[in-house]
Amino acid sequence: MGDSFNLSTLGIITQQSHADLADSLWPSLQMGIVIPKNSTYKFFQGTPQEPSTTVPVAYEFLHDRVQQAAYELASHEQDALLLRLEIARKLLQKHGSKEDQRQLFLIVENYNQGSSILSTPEEKFLLFSLNLQAGQQALSTLAYDTASLYFSKARSLYEDYGITHEDLKFELDCASIEAEYLNSRWDQATELLETLPLSRLNEHQQLHITALTIRVWVAQQRFVEALDRGVSVLASQGIHLVSLAENDRIKAQLLTSQLEKIPAMEGNITLKMGILLEMCSSAIFTNPPLFFQIILTLVDLSRQFGYSELSAFGFANYGMLLGNMEDYGAADAAGQVSQVLLNHFNSKLLRTKVDMVHFSYVASIQTPLRNCLQPLARGYQNGLDVGDLEFSGYCANNYCTYLWMSGKPLEEILDIQKTYISWLQSKRLFFSWAYVQFWHLLSLNLSGQSSRVTEFKSEDFDESGVVAQLEEVQAGTALYAYYLAKGILFVYLDLWEKAESAFQKAATYQSSIAGYQAKLLPFYRGITAANLDRTSNHTRINAAKEFLSELAKFAPENFQHKYQLVLAEQHRLAQNYAEAIAGYEAAIQGAKENQYLQDEALAHELAAKFYLNWGKEKVAAGFMQDAYGCYARWGAQAKTNALEQRYPDLLKPILQPTPQPINPWDSLASLARLNLSIHSSASVQSPSTSINTAFDLTALLKSSQALSESLNFDELLERLAPMMLQNSGADQLVLLLPESEGSWQIRATATPDHTHLSSVPLAEDSDLPTQLIQYVKNTQEVLVVDDLKTDLPIVDDYFQVHQPRSVVCLPIRYQGELSGLLYLQNQSTSGVFTRDRITVLNFLCSQAAIALENARLYQTLEHHVDERTQALQKNQYILENLLFSTGSVTGEAVFPTLAEQMANALKCAHVLISQIRGDTLETLAWYTNNQLQAKLTYPRAHTPL
């Protein structure tokens, strides 16, 4: 039964009703040795008949030993085995083997316990088949260890029972090898491969095993053996690798043909394509020309024999190779074909491979680099879902590399890279792990968190040992990444000789890499050559300029500012000062517009050095201060420390020490106290050190001032919503305000592109996390949640559907009373709402509360003024009507008529018009009780009632 069970399963086994079973279990519940997993067990307590509930009634044992003791109650081991078999048979009879996974595992577990006493061949074969099926189920749900156990049991049963079924045995062997591979147990997978009787396998099976063998050998870094096996087997099948000389023919076919129809490929050719695909990694690492031949063969076979999902992988790689040959138009065409084929076959199995190649090596040249980050992250996750560990690793290493190259803040990069490094290490994916480590340590060193700023060393990483291993197996791709990252480090540390040495070594491995990262080397080599200022380097500077000029035509967002910076440096050396100035300005502006923060910082720094050498110290100071600001926002503390040491005079205005340093964020926090509930990453719990405080505080004060300037309620909401969004890092905002009768309304929603005002009752809007909003409304505390990881009862249908990565909800309070709620979310990024941002938002909420209250008071005052104005206008209208209605009356009838008209117009109960005669008053008209009364004369001290 396992460590937990339910009444339905127990009823099948014992043939008792749920009510009887619940009564039997009641003493165990009272003793505490069996525990109910939910409250539905109460339906059955004290109930003489079976309740009509469909909710499962589940229990669990207090401890494993209690479970063990329960099974040992059987008087004899044989009885225990028979009991297990009886349980398995009854469950199988009731559910069959096609029910949910838990039922299948429960059946197999009980059957396996009694496997030694099975007697009939039919039931023995059934148990073998059930273990195979359970292993396949576990494999499909990524439970690789569990799958290995079931497959191991199936192999033992096959031998022990003397079963003979070659097709199922082959299926079992392949699944067992795949499970060991996915468990990163390469040696066990190899042992299983060596036990296969290859001579007894048919052609189809031999091709399948060849692909599986190459995959395992690649994981073991047996690259040369993997390539030799693939080439040999394919040759025996009549498939010879296409010569490099055929590239022009194949490219011409690519550019002239259109995929109006996509004929399907024959199955036998697809298997051979699979072998070519498995050979790719080994060829990339050790034999790039052979890799080109493999890709040409994949494309050519697709043209000859039709298309399969594997064809998408071939065309994606062909686009990568064409990009390396600087034929960017043809590269884009091949990349587009790969995406069309991938979507046509809707292949989840190949998506990680195809998207890794396309977005790492083709699209990264043609489109803004940041656009490639999300597809690579999705490719990594998809690979985990389908068990493609190798290409999940490649997605991970390129994602982490492009995070750095796209100019993301180093603090953000470091946190993300740590997660991938841990996973890659757990899966023993050495090359991808080393690859990410290089860019992680580059980030770590630049951020000032390494005591050895020029070395790639940490507690679990030593560059000398890792590089030696990579050189031993000729892993050109990873070695290129190492020397490129090391050279870039030296560039930002002004160690130009060391940078040039590293870049020279990277250049020897450049043929092993592709995409944006391959195009980055000429840029940094050009900058390095300009700063070494040797006559022999002028050719290299010019070559870099021409190379980047061509690239900028296809992706100006990525390369135009790099071209401008190299051009500016070339003009500096030639003393063409006007052209150099224009180049620096264009490079700075382009880097800023396209969010390449590290390039913007470098351009500012090089411009500052240019002006300093020219003798323009004041101008140089401005550029150096801007460079310092960029490096600070990037989080490169090692660089800012170096600038402080080297250029203290230029940086003096922003480095002036103050007698008592003040943390402005603490000051803000003291102005608006935080009652904070954190269900988030560590970034929320410690203040950031990378905020440009002066600039942020200036913007914040301007925002606060802007709020106080508006008294019109709708105008205030129009300002408030986008202001909050801009200061939060969110991509969606909702502002909720209470009405006088106590209900709440959605008054404003905002995205980066649009702000919308509304008056929608909260109760009528299902597209909001109402449980979270109600929680904050009741507790009046700021609630921050990352990745929906929280024990609070706030994860409702909205969160289940939308799955935002970061959410925060803040109360807006005025004089201790709740006057509004602010909800923000970021759909794609976790850890957005740091403590600094929450402090800013909380401060703005306090200012917003005051502004909203002022706007409400102003709105109320306007309403009273309108009412008073309307009353005065009404009275004026009434008086005008009175004068008009009595204008035709003369003599003594004037006053009685006037009194009656005033009573009716003003709805008065009494109207009295009198005249003074000495010490007495005489009524001219007296209207009461809806009629005129007789005239009176009375003392002035009294009035008639």
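**Strand β7 and the largest cavity**

In the hairpin formed by β7 and β8, which has five residues between its strands, G742 adopts a positive phi near 105°. The structure is a predicted model, in which local features need pLDDT of at least 70 and side-chain atom pairs count only at pLDDT 80 or more, whereas totals for chains, interfaces and linings use all residues. Residues are numbered from 1 along each chain as its sequence is written, and side-chain values use heavy atoms, with hydrogens and water left out.

Strand β7 (residues 732-738; strands are DSSP runs of E with at least two residues, numbered from the N terminus) is joined to strand β8 (residues 744-751) by six bridges and runs antiparallel to it, pairing being assigned if DSSP finds at least two bridges between two strands. Five bridges join β7 to strand β12 (residues 817-826), again in an antiparallel arrangement. The bridge partner of V734 is T749 in β8, and in β12 it is Y823. Five of the seven residues of β7 are buried (under 20% relative accessible area, 1.4 Å probe, protein chains only), so the strand is largely enclosed by the rest of the structure.

The largest cavity (a set of points on a 1 Å grid over the protein atoms alone where a 1.4 Å probe fits but cannot get out) has a volume of about 170 Å³, taken as the space filled by probe spheres set on the points. Of the 14 residues lining this cavity (those with an atom within 4 Å of a point), V218, A219, Y394, L429 and F431 are the closest to its centre.

Key: 1 Å grid on protein atoms, 1.4 Å probe; cavity = no way out; pocket = protein on both sides within 12 Å on 5 of 7 lines; lining within 4 Å. Buried < 20%, exposed > 50% of the residue type's maximum accessible area, 1.4 Å probe, protein only. Helix = DSSP H or I, 4+ residues; strand = E, 2+ residues; numbered from the N terminus.
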